[in-house]
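Open the model in your viewer and keep the selection panel at hand. We will go from stop to stop, selecting as we go.

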Amino acid sequence: MDWKYKIELDNKDVFSEIEKERGIKIPEELKELVVNANAATPEKCRYMLGNDERVLGAILSFNKEDEADSVFLALKVVDDKNLLPFAIDPFGNFNCLDIKDNTVVYWNHELDEVSSTGKNLSEFIGSLY
């Protein structure tokens, strides 16, 4: 996957800080994605969620200093501690990793509803078109 507009990750300790704060374990696969695509936009950005086409706008920034589209703002919005936001769409909805079963879910901010993609992270990224 080609990623555009990547911002280098300032500090890899950010993962352990989030893990401690949320009481979760972030999978290595997600850490690797963030290191390789922090705040980046994917070249292929569309995916299907049931019969609906959705857009992955960008991977969230895991840098504490970044104000827009940061994981820290997303963590304040997504209350469920088992959901770790990692990407945002152009409409303010988040793609999250469900820590319980390691699947990617779509979190609709207007309805506070979660829809599962039924895919793990690598399957989800591989399904982008």
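Start with a definition: two strands pair if DSSP finds at least two bridges between them. Helices (H or I, at least four residues) and strands (E, at least two) are DSSP runs, numbered from the N terminus. This is a predicted model, in which local features need pLDDT of at least 70 and side-chain atom pairs count only at pLDDT 80 or more, while totals for chains, interfaces and linings use all residues. Residues are numbered from 1 along each chain as its sequence is written, and side-chain values use heavy atoms, with hydrogens and water left out.

**Stop 1: the sheet**

Select residues 83–88, which are strand β6. Is β6 mostly covered or mostly open? Mostly covered: 6 of its 6 residues are buried. Buried means under 20% relative accessible area, exposed means over 50%, and partly exposed lies in between (1.4 Å probe, protein chains only).

Now add residues 94–98, strand β7. Strands β6 and β7 run antiparallel and are joined by 5 bridges. Click L84 in β6, then find L97, its bridge partner in β7. The two strands form a hairpin with 5 residues between them. In the turn, G92 has a positive phi of about 90 degrees.

On to residues 58–59, strand β5. Strand β5 pairs with β6 over 2 bridges, in the antiparallel sense. Here I59 stands opposite A87 of β6.

Next, select β8 (residues 103–108), which pairs with β9 over 4 antiparallel bridges. W107 has V114 in β9 as its bridge partner.

Zoom out. What is the order of the 5 strands in this open sheet? The order is β5-β6-β7-β8-β9, with antiparallel pairing. Strands β5 and β9 stand at the edges with a single partner strand each, so one side of each has no neighbour in the sheet.

**Stop 2: a charged patch**

Select D79, D80, D112 and E113, which gather in a patch of negative charge on the surface. Patches are made of residues with over 30% relative accessible area and no salt bridge; like charges are joined within 9 Å, and nonpolar side chains (Val, Leu, Ile, Met, Phe, Trp, Tyr) within 5 Å. E113 sits in strand β9 (residues 113–116). E113 counts as partly exposed because its relative accessibility is 45%.

**Stop 3: salt bridges**

Side chains of opposite charge can pair when their charged atoms come close. A salt bridge is a side-chain nitrogen of Lys or Arg within 4 Å of a carboxyl oxygen of Asp or Glu. How many salt bridges does the structure hold? It holds 7.

Show E17 and K64, whose side chains meet at 2.4 Å, N to O. This pair links distant parts of the chain, with E17 in helix α1 and K64 in the loop between β5 and α3, 47 residues apart. K64 is exposed, because its relative accessibility is 52%.

Then show K31 and E19, a salt bridge at 3.6 Å, N to O. K31 lies in helix α2 and E19 in helix α1, so the pair ties together parts 12 residues apart in sequence. Both K31 and E19 are buried. Add K25 and E28 to see a network of salt bridges that links them with E19 and K31.

**Stop 4: two positive phi angles**

Select Y5 and A39. Y5 is not a glycine, yet has a positive phi of about 65 degrees. A39 is not a glycine either, and has a positive phi of about 65 degrees. Which of these loop residues is buried? Y5 is exposed, at 65% relative accessible area, whereas A39 is buried, at 18%.

Terms used. Areas by Shrake-Rupley, 256 points an atom, 1.4 Å probe, with all protein chains shown as cover. Lys, Arg positive; Asp, Glu negative; His and termini not counted. Charge placed at Lys NZ, Arg CZ, Asp CG, Glu CD.
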